[in-house]
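Trainee: Could you show me how to read side-chain features in a model?
Mentor: Sure, pull up the sequence and structure and we'll go through it together.

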Amino acid sequence: MISRFFEIISMLFQGIIRCIKKVINEKGVDFMCFVYLTEPGMQLSKSGGTYTVCKEKKEVCRIPAETIEGIVLMGSVQISSPAVADVLRRKIPVSWITASGQYCGSFQPPSGHQALKQRQQVLLQGTPFSLEMGKKFIEAKVHNQIALLQRCNRTAKNKEVKEQIGYLKKLQKEIPSAEDRDHLLGIEGISAKAYFRTLGLMVRDDFAFSGRTKRPPTDSFNAMLSFGYTLLSHEIHTAIVTHGLQPYFGILHELRNGHAALVSDLLEEWRPVIVDSMVWSLVQHREIRPEHFEKRKGCKGVYLTKEGRDIFLRGYEKKMRTAHVVNGYSHTLRQCVIRQSYHYSRAIMHQDASLYTAYTIR
C-alpha cells in the first residue's frame, strides 16, 4: 500500500516534484521529500497541515508538511507568505535558483548564532590548523578524482587515462609537503586541469569536452557540472549554518565579499563523489541526450531544457539518497554531507584537525 501511495504521488508530480523515501537508521521507515518547483507560474501555499502546489489556479498536488525536507524554487515560481512562515518555523531550508541553474539566494530558520564558534573561525585564519585542514580537503578531492577515473576506465582500459591517473597520484603525494595555502592551491589547480581533461576522454563523443568551463558553461557536460555544483553548494551551505558556522569564513579559499569560502572548502571532497560521477553516469547510460540542452538568445552558454532539468534532478536526488556505510552505519550521501559539517565544527572548536576525516571513495 505504501509503495502504491508513492507511485500515485510520483504520477501527480509529473516530474516537477520528486518524492523520495528515506530510511532512518534503527527507527523504522520515514518518508521525506525534497520539493523542486520548476514550472513557470507554479505556486506553493500552505493550508492546514499540508502544502499545496498550484498552477494557473489549478491544484497540482498536496504534500504533508511534516514530510518536506527541503524546497528548491526554480525560475518564475512563487511561495505564499503563510508558507514562508511555516517553513521557517519547521526549519525547512528554501533556495531560489534561476531557470538556467544559477543560485539566487535562500532563507533559512535561525539556528542560533554561535558567536564563539564563528570567532574561532576568524582566529584560525592563516594558522597551521588551517593549512592542515586544507590539505585534508585537497588530498580527499584528488583521491576521489583518481577513484572515479579508475572506475570509469575499468572497462575501457584506456592507456592514456591510466597514464594520467599515475600523474595525479604523483601530485597527490606532493600535498602533505605543501608549505602554504598558495602552494596547496597550486597543486589543486594543476590536478583539476589534468582530471577534467582525462575525464573528457571517457565521455561519449556527443558530450565530449576538453576541460572545465563555467560562467557560462560552454558545453553540455559542463552545464550539468555547474548545475550540480550549485545544488550541492546550497545543501552544504544549509548544513554549515545549521551547525552554527559562518559560511563566508573558510580556511582554504580566498576571503572576499559575496563568496561563501567555507562552502567552497567543504565542497571540494564531494565534487567527484556526487556530481561528477552522477553526470558521467547520466551521459554514459544515455539517460540524458544532446536534445536536452539548448543555447539561448543573447547567451553564450549551454543550458538544460525543462525536460533535461527534470532528468537531472531525478538523477541528483537518486544520488543524494544513495546509502553508504560509514563506521558500520548506513547513511545517505545527503546525511554524510551534513555529518561532515558537524565534524568540521568540532575540529574548529577543539582546534584539532585530526577530528575531521575527509570523505573518500574506493
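What follows is a chat about salt bridges, nonpolar cores, aromatic pairs and one buried serine.

Mentor: Keep in mind that this is a predicted model.

Trainee: Let's start with charges. How many salt bridges does a search of the whole structure find?
Mentor: The general idea is that side chains of opposite charge can pair when their charged atoms come close. Here the search of the whole structure turns up 15 salt bridges. One of them joins K55 and E39, with the closest N and O atoms 2.8 Å apart. K55 is in strand β4 and E39 in the loop between β2 and β3, so this pair ties together parts 16 residues apart in sequence.

Trainee: Are K55 and E39 buried or partly exposed?
Mentor: One of each: K55 is partly exposed at 27% relative accessibility, while E39 has 11% and counts as buried, because the cut-off for buried is under 20%.

Trainee: Which salt bridge links helix α11 to helix α10?
Mentor: That's R334 in α11 with E317 in α10, meeting at 2.7 Å, N to O. R334 is buried with a relative accessible area of 5%, and E317 is buried too, at 1%. Then there's K306 with D310, at 3.1 Å; those two are four residues apart in helix α10, about one helical turn.

Trainee: Now the nonpolar side. Which residues touch the most other members of the largest core?
Mentor: In soluble globular proteins, nonpolar side chains tend to be buried together. The largest nonpolar core in this model has 80 residues, and L232, W270, I274, F312 and Y344 touch the most other members. Helix α4 gives the most to this core, eleven residues. A second, separate core holds 20 residues, including L37 and V53.

Trainee: And how do I read an aromatic pair?
Mentor: Look at the distance between ring centres and the angle between planes. F137 and Y344 have their centres 6.2 Å apart and planes at 35 degrees, so the pair is tilted. F137 is in helix α4 and Y344 in helix α11, 207 residues apart. Both are buried, and together with Y356 they form one aromatic cluster.

Trainee: Do charges show up with rings as well, and where does the charged end of R271 sit?
Mentor: Over the ring of Y229, 4.5 Å from its centre.

Trainee: Last one: what does the side chain of S191 reach?
Mentor: The backbone oxygen of E188, at 2.8 Å. S191 is found in helix α6 and is buried, at 1% relative accessibility. Beyond its sequence neighbours within four places, S191 contacts V142, Q145, L168 and L171.

Note on methods. Residues numbered from 1 in each chain as written. Predicted model: local features only at pLDDT ≥ 70, side-chain atom pairs only at ≥ 80, totals over all residues. Heavy atoms only, no water. Buried < 20%, exposed > 50% of the residue type's maximum accessible area, 1.4 Å probe, protein only. Polar contact = N/O pair within 3.5 Å; in protein donor to acceptor, adjacent residues only side chain to side chain. Contact = heavy atoms within 4.5 Å. Phe/Tyr/Trp six-rings, centres within 6.5 Å; stacked < 30°, edge-to-face > 60°. Lys NZ or Arg CZ within 6 Å of the ring centre and 35° of its normal. Core = buried A, V, L, I, M, F, W, Y, C linked by side-chain atoms within 4.5 Å. Salt bridge = Lys/Arg side-chain N within 4 Å of Asp/Glu carboxyl O.
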